[in-house]
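Q: Please take a close look at the nonpolar core of this chain, and set it in the context of the whole fold. I would like the cut-offs stated along the way.

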Amino acid sequence: MSTIIKTPADALPADVLELVEARLQNERKSLVLAYVFWLCVGYLGAHHWYLGRKRWAMLYTGCVILMTVSVLFTGMTSSLGFDASSVSSILSGIPILIVSFGMIIDLFLMPRYARQAIEAKRQELINRYLKNGYL
């Protein structure tokens, strides 16, 4: 007979919690790899994609797309003889600030993000067990 341990969601057998923890060990996200992603392609939000933070990853990727569109827009309008420098500075300046400050903040908060990814996966596994009866 297994021992019951109380969780916030419900009561789970200890052997199920052991299975959850074993699975988490296999699926644990590497903090070192997250920092490598941050260093190499962090401006695209690669570290957020890796850690499962999709909203932030999409924000970073969207900012890069907006900056690229701004460069193309500036080149196109200048070749036609128009001056679109003010529009270009807005289209590229704000996303550059968002990504730059975001990457500086991410440098210090990456351990928290990794812990949150582990906790979210743990909660997902527990909820899956409570709903379906298996992991």
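A: Helices (H or I, at least four residues) and strands (E, at least two) are taken here as DSSP runs, numbered from the N terminus. On that basis the chain holds five helices and two strands, and from the N terminus on these elements follow the order β-β-α-α-α-α-α. With a radius of gyration of 22 Å, well over the 14 Å that the globule rule gives for 135 residues, the chain is more spread out than a compact globule; the radius is taken over C-alpha atoms, and the rule is 2.2 Å times the number of residues to the power 0.38. Along the principal axes, the C-alpha atoms fill a box of roughly 80 × 30 × 20 Å.

This is a predicted model, in which local features need pLDDT of at least 70 and side-chain atom pairs count only at pLDDT 80 or more, while totals for chains, interfaces and linings use all residues. Residues are numbered from 1 along each chain as its sequence is written, and side-chain values use heavy atoms, with hydrogens and water left out.

Buried residues, meaning those under 20% relative accessible area (exposed is over 50%, partly exposed in between, with a 1.4 Å probe and protein chains only), make up 30% of the 135 residues. A nonpolar core is a set of buried Ala, Val, Leu, Ile, Met, Phe, Trp, Tyr and Cys residues joined through side-chain atoms within 4.5 Å. The largest such core has 13 residues, and those with the most contacts inside it are Ala34, Leu51, Val99, Met103 and Met110. Helices α2 (31-41), α4 and α5 (85-132) each supply at least two residues of this core, and α5 gives the largest share, five residues.

Leu51 merits a closer look: leaving aside residues up to four places away in sequence, Leu51 touches Lys29, Ala34, Met110, Tyr113, Ala114 and Ala117, where contact means heavy atoms within 4.5 Å. Two of these partners also take part in placements of a charge over a ring, which require NZ of Lys or CZ of Arg within 6 Å of the ring centre and within 35 degrees of the ring normal. Lys29 lies over the face of Tyr50, at 5.0 Å from the ring centre, and Arg53 lies over the face of Tyr113, at 3.7 Å from the ring centre.

Helix α4 (residues 54-79) also contains Gly62, which counts as partly exposed at 34% relative accessibility.
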